Amino acid sequence: GGDDGATAGGGGGDELIRVGFSQLGAESGWRTANTESVQESLSEENGIDLTFVDAQQRQENQIRALRDFVSQDMDVIAFSPVIETGWDQVLQEIKDAGIPVVLVDRTVETTVEDPFVTWIGSDFRAEGVTAGEWVAENHPDAQIFELQGTMGSGAQVDRQEGFREVVGDQVIGEASGNFTRAEGRTAVEAALQAYPDMDLIFSHNDDMGLGAIEAIEAAGMTPGEDITIVTVDAVKDGLQALVDGKFNYVVECNPVFGDQLAELINQVHAGETVPEQTFVEESAFDQTITQEFVDARPY
Ligand code: GYE
């Protein structure tokens with residue numbers, strides 16, 4: 001639906017773009033930072049009236065939220081899908097209602113044609129490759145345990161694919177920690193029993209890596225020394241673990257793209273042509289980062 005003619009940054013209450021945003025959860029430090037960025041930028045100041053709903057990592061909650069947005073006739077629907085598949089029906093319903101979709105962070109796999117106008121997020125596959133290349137260069141003989149994110153999520157599927165392209169033959173075990181610290185800890189407790197030879201963990205995010213630290217210390221070993229830990233995200237807690245010598249390498253995944261998202265939403269609503277994909281910028285860090293750098297990290 002949506003009325004045309006709202007201008008970017010437009011002021012008056014009547015002209016605000018009504019946006020429904022379905023966030024997938026609050027599972028990690030990355031997600032918290034992402035939610036803060038989205039809520040701060042999808043603001044009246046940027047011409048947006050935001051309805052924000054957290055799905056607590058459950059797809060059925062997200063589908064319900066998306067249907068609510070359709071019945072509320074939102075101007076634009078934005079969402080970050082918890083897993084890649086299972087969206088065909090609801091995406092078709094949104095399309096039939098004529099509401100443009102802006103996909104955020106994670107990706108979808110669907111049979112619906114042109115299911116979204118634009119996507120903004122990270123190159124998860126490249127993150128996996130970056131992690132793999134550091135391992136290949138620094139620990140070419142490592143016995144690797146891969147601590148996976150939520151199975152079937154874009155971030156899990158693509159990080160695994162990229163990582164294994166480089167060092168796949170060194171992976172001796174894998175389990176999912178669902179991107180949370182608690183489940184990461186449980187998975188590594190089991191892995192320490194199942195794979196006594198493992199000496200390197202590739203964790204798909206910082207929070208699960210922090211859970212791994214707890215499990216390793218509880219088993220009387222030294223994280224970062226007895227077991228090398230490589231993670232993705234680079235939230236403040238992750239970088240602190242790096243400076244403390246408990247993580248060895250952290251690939252950055254940038255959650256702070258609310259301003260870019262707000263601009264895309266304004267452009268989409270105005271019917272302007274937007275790029276199909278926008279990749280946010282990121283880098284990677286090793287133990288040479290300083291405490292000052294960590295202290296200055298805003299999230
Ligand atoms: O890396 C992880 C979060 O989809 C990029 O989800 C995101 C990932 C992020 O739970 O910490």
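**View 1. Two domains, with their C-alpha centres 29 Å apart.** This is a predicted model, and its chain splits into domain 1 (13-121 + 255-281) and domain 2 (124-253). Domain 1 is thus written as two stretches of the chain, 13-121 and 255-281, while domain 2 covers 124-253. Where the two parts meet, 13 residues of domain 1 are in contact with 17 residues of domain 2.

**View 2. The one cavity that turns up in a search of the whole structure, with 30 Å³ or more as the cut-off.** There's about 90 Å³ of space inside this largest cavity. Its lining is made of 13 residues, and the ones closest to the centre are Trp30, Arg31, Arg106, Arg159 and Asp233. Which elements give two or more residues to the lining? Those are helix 1 (29-41) and helix 5 (154-167).

**View 3. The same cavity, now looking at who contributes to its lining.** Both domains chip in: at least three lining residues come from domain 1 (13-121 + 255-281), and at least three come from domain 2 (124-253). Sorted by class, the lining of the largest cavity has six charged residues, five nonpolar ones and two polar ones.

**View 4. Helix 2 packed against helix 3.** Here residues 59-71 (helix 2) sit alongside residues 88-96 (helix 3), with the two axes 10 Å apart and an angle of about 10° between them. Parallel or antiparallel? An angle that small makes helix 2 roughly parallel to helix 3, because anything under 35 degrees counts as roughly parallel. On the helix 2 side, look for Ile63, Leu66, Arg67 and Val70; they meet Gln89, Val90, Glu93 and Ile94 of helix 3. Going by class, this helix 2 to helix 3 contact has five nonpolar residues, two charged and one polar.

**View 5. A loop with positive phi values at Asn178 and Phe179.** Most residues other than glycine have a negative phi, so a positive value is worth a second look when you zoom in on the backbone. Asn178 isn't a glycine, yet its phi is positive, at about 55°. Where does Asn178 sit? You'll find Asn178 in the loop between strand 7 (171-176) and helix 6 (181-194). Phe179 isn't a glycine either, and its phi is also positive, at about 70°. Phe179 belongs to the loop that runs between strand 7 and helix 6.

Conventions
Residues are numbered from 1 along each chain as its sequence is written. This is a predicted model: local features need pLDDT of at least 70, side-chain atom pairs count only at pLDDT 80 or more; totals for chains, interfaces and linings use all residues. Side-chain values use heavy atoms; hydrogens and water are left out. On a 1 Å grid over the protein atoms alone, a cavity is a set of points where a 1.4 Å probe fits but cannot get out, and a pocket is an open set with protein on both sides within 12 Å along at least five of seven lines; lining residues have an atom within 4 Å of a point. Grid points are joined across faces, edges and corners, and a volume is the space filled by probe spheres set on the points. Helices (H or I, at least four residues) and strands (E, at least two) are DSSP runs, numbered from the N terminus. Ala, Val, Leu, Ile, Met, Phe, Trp, Tyr, Cys and Pro count as nonpolar, Asp, Glu, Lys and Arg as charged, and the others, Gly among them, as polar. Domain bounds come from an automatic or database domain assignment. Axes are lines fitted to C-alpha atoms, for helices over the stretch in contact, and angles run from 0 to 180 degrees between N-to-C directions. Angles under 35 degrees count as roughly parallel, over 145 as roughly antiparallel, 65 to 115 as roughly perpendicular and the rest as oblique. Contact means heavy atoms within 4.5 Å.
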